[in-house]
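Q: Please take a close look at a single residue in this structure, covering its place in the fold, its exposure, its contacts and the strands on either side of it.

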Amino acid sequence: MMKILRRRPKLVAAALAATVALGATAADLAIEHVADRRMARTISCRLKPTGPVRARFLDPVAGLEALTGTLGTAQIDANGIHRADTDLNLRIALHDVTTKGTYSTGTATATIPYPSLQQRLSQGKDSALTLGTDGTGLTLTTTAGQIGLPVTVHTSLTVTPHSLTITPTTITLMGQQLPITALAHLPNTSAALTSRLSPHTINLPQLPAGTELASAHTDPSGLALVLTLHHHTPAAAPAQPCPTT
């Protein structure tokens, strides 16, 4: 059952890498002094999402630009982005965007929908395991014991700037919330299974300079990974120009 805790880190790490790359791309797009609709068309060209794209400046751009050369805060939402064999919904917010192509800080949030995670997992031996949330954290639901009792494993997610730790905490069995160690007492539950129920840390040593993992949490739609983006200077030119008219 808990092979997921070994396999899923590769998926999460790939999603984080994709988020950073997409965040950099969207940052370059947002800092172009363009109207919202034009920016959304350019983002659609670059990221090629299957879902809707929305890009907008949240502040009264004209007044800010006239006084300070600052465009304010830009927000980009793009759904249905496919990277590293993973579907992502992306939201980026960039603060103090300027006409010179810089910003002071920002955040990039990639939400991996549960069906996308489930589809990835169903290709292996964990097809009977269902991912979801109990409203507070990531849950893993399966059956265990001699008669296949339904079991929900609850986990907690903790982060450092360059790592994510998944910790199984409790199980729900027959309506009762019990410690993880209770699994060892179910008939026909293997020692190998219970031994996998230990915290698993995913190290992220290759995040770009100025990018840090800030938090990870679940919401009704999926697992959300939040990165902070610090001070950006854009590249000299985009690798693949897109129409801007």
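A: In this predicted model, D134 sits in the loop that links β5 (130-133) to β6 (138-144). The two strands flanking that loop form a hairpin with four residues between them, and within the turn G135 has a positive phi of about 100°. β5 and β6 run antiparallel and are joined by four bridges, with G132 standing opposite T139 of β6.

As to exposure, D134 has a relative accessible area of 38%, which lies between the 20% and 50% cut-offs, and it is therefore classed as partly exposed. β6, by contrast, is mostly covered, since five of its seven residues are buried.

The side chain of D134 takes part in two polar contacts that can be described in turn: one is made with the side chain of T136, at 2.9 Å, and another with the side chain of H154, also at 2.9 Å. When neighbours within four places in sequence are left aside, D134 is in contact with T139 and H154, so that H154 appears both in this list and as a polar partner of the D134 side chain, while T139 is the residue that G132 faces across the hairpin. A further relation concerns T218, which is 84 residues away from D134 in sequence, yet the C-alpha atoms of D134 and T218 are 9.0 Å apart in space.

Beyond the hairpin, β6 is also joined by six bridges to β7 (residues 149-160), again in an antiparallel arrangement, and in this pairing T143 stands opposite P150 of β7.

Conventions:
Residues numbered from 1 in each chain as written. Predicted model: local features only at pLDDT ≥ 70, side-chain atom pairs only at ≥ 80, totals over all residues. Heavy atoms only, no water. Buried < 20%, exposed > 50% of the residue type's maximum accessible area, 1.4 Å probe, protein only. Contact = heavy atoms within 4.5 Å. Polar contact = N/O pair within 3.5 Å; in protein donor to acceptor, adjacent residues only side chain to side chain. Pairing = 2+ DSSP bridges.
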